[in-house]
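I opened a fresh notebook page for this chain and kept my entries short. Here is what I looked up, in the order I went through it.

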Amino acid sequence: MNKKTVAQLLLGLVALIIAIIIYFNFFNQKEIVENSKKDIVNKENQIEGLRYFSKDMNENTYLVLAKSGRPDPKKDDLNIIILDEVKAYLNFDKKGEIIVYSKNAVYNTVNNDTEFFNEVILLYEDHKITCDKIIAKFSENYAKLLGNLTYNNISTRLYADQMHIDLITRIVKTSMLNKDEKVKIITDNGFN
């Protein structure tokens, strides 16, 4: 072979390797589902000790732990799982960890969309939010916190009906369902 042919083959090989690296790093979301065999107990499709982990191309991670889970009997889609005694850890942009607790959740194993309900608590640094439901639509980059929403931090308490969070821009909109009512904010320095 002449030098020109060897150079073209090497260039083609390098291009192929770069294409494979780009695909696996940017276009292929990694999702790992780990179930320890000793923790799996099947009682009418009930699975004990569930753990779902995913990581996106920006190194954001999402870990969902549940005491138990089962396929949603109302849906034919086996990717929709009803979870009990749920704890979720979200790490965005390496800026801190968000922890969500709830009695129950509906989790989509394909796109990680999760609806937390029953005694929902969200913790982030010194911030605590309680509400009836959190709908985390990772597939659409937003989260909605709904019903009896109470926000607390070191010096402020907020009461509202709903909160909408854009997961990309981090813009938060808080509101009441009845437009005649107002969001209530109480601070330790007397602002009301």
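My entries below go from the whole chain to its core, its pockets and a few single residues.

**Entry 1: the whole chain**

I am working with a predicted model, and I keep that in mind throughout. I began with the secondary structure and found one helix and eleven strands. Reading from the N terminus, I get the order α-β-β-β-β-β-β-β-β-β-β-β.

Next I looked up burial, and 30% of the 192 residues in the chain are buried. The accessible surface comes to about 12800 Å². Carbon and sulfur atoms account for 56% of that surface. I also checked contacts between residues at least 6 apart in sequence, and 32% of them join residues at least 24 apart.

**Entry 2: the nonpolar core**

Which residues of the largest nonpolar core touch the most other members? I find L83, V100, F116 and L145, out of 33 residues in this core. The strands β2, β3, β4, β5, β6, β7, β8 and β9 each supply at least two residues of the core. β4 gives the largest share, with five residues. I jotted down a general reminder here: in soluble globular proteins, nonpolar side chains tend to be buried together.

I then picked L145 and listed its contacts, leaving out residues up to four places away in sequence. L145 touches L122, I129, C131, K133, I134, D161, Q162, M163 and I165. I note that K133, D161 and Q162 are in that list alongside residues such as L122 and I129.

**Entry 3: the largest pocket**

I turned to pockets, and the largest has a volume of about 570 Å³. It is lined by 23 residues, and I98, L122, Y124, I165 and R170 are the closest to its centre. Two or more lining residues come from each of β5 (97-108), β6, β7 (127-137), β8 and β9 (156-166). Which of the elements gives the largest share of this lining? It is β7, with four residues.

By class, I read 18 nonpolar, two polar and three charged residues in the lining of the largest pocket. L122 and I165 caught my eye, since I had met both as contacts of L145 and now find both among the residues closest to the centre of this pocket.

**Entry 4: the second largest pocket**

The second largest pocket has a volume of about 460 Å³. Its lining has 21 residues, with D56, N60, F92, F138 and N141 nearest the centre. The elements that give two or more residues here are β2 (47-55), β3 (61-71) and β4 (80-91). The class count for this lining is seven nonpolar, ten polar and four charged residues.

I stayed with F92 a moment and looked up E59. E59 sits in the loop between β2 and β3. The C-alpha atoms of E59 and F92 are 7.9 Å apart, with their positions 33 residues apart in sequence. I have E59 down as partly exposed, because its relative accessible area is 40%.

**Entry 5: Y142 in β8**

Is Y142, in strand β8, buried or exposed? It is buried, because its relative accessible area is 17%, under the 20% cut-off. Setting aside neighbours within four places in sequence, I find Y142 in contact with I135, A136, K137, H164, I165 and L167. I165 comes up again here, as a contact of Y142.

I also took one longer distance: the C-alpha atoms of Y142 and D113 are separated by 9.9 Å, and the two residues are 29 apart along the chain.

**Entry 6: two asparagines with positive phi**

Going through the backbone angles, I stopped at N118 and N148. Phi of N118 is near 70 degrees, a positive value in a residue other than glycine. N118 lies in strand β6, which covers residues 114-124. I class N118 as partly exposed, with a relative accessible area of 39%.

Phi of N148 is also positive, near 50 degrees. N148 belongs to strand β8, residues 142-152. I class N148 as exposed because its relative accessible area is 57%, over the 50% cut-off.

**Entry 7: T187 in β11**

My last stop was T187, in strand β11 (residues 184-187). T187 is buried, with a relative accessible area of 17%. Beyond residues up to four places away in sequence, T187 touches S155 and T156.

Technical notes. Residues numbered from 1 in each chain as written. Predicted model: local features only at pLDDT ≥ 70, side-chain atom pairs only at ≥ 80, totals over all residues. Heavy atoms only, no water. Buried < 20%, exposed > 50% of the residue type's maximum accessible area, 1.4 Å probe, protein only. Contact = heavy atoms within 4.5 Å. Areas by Shrake-Rupley, 256 points an atom, 1.4 Å probe, with all protein chains shown as cover. 1 Å grid on protein atoms, 1.4 Å probe; cavity = no way out; pocket = protein on both sides within 12 Å on 5 of 7 lines; lining within 4 Å. Points joined across faces, edges and corners; volume = space filled by probe spheres on them. Nonpolar A, V, L, I, M, F, W, Y, C, P; charged D, E, K, R; others polar. Core = buried A, V, L, I, M, F, W, Y, C linked by side-chain atoms within 4.5 Å.
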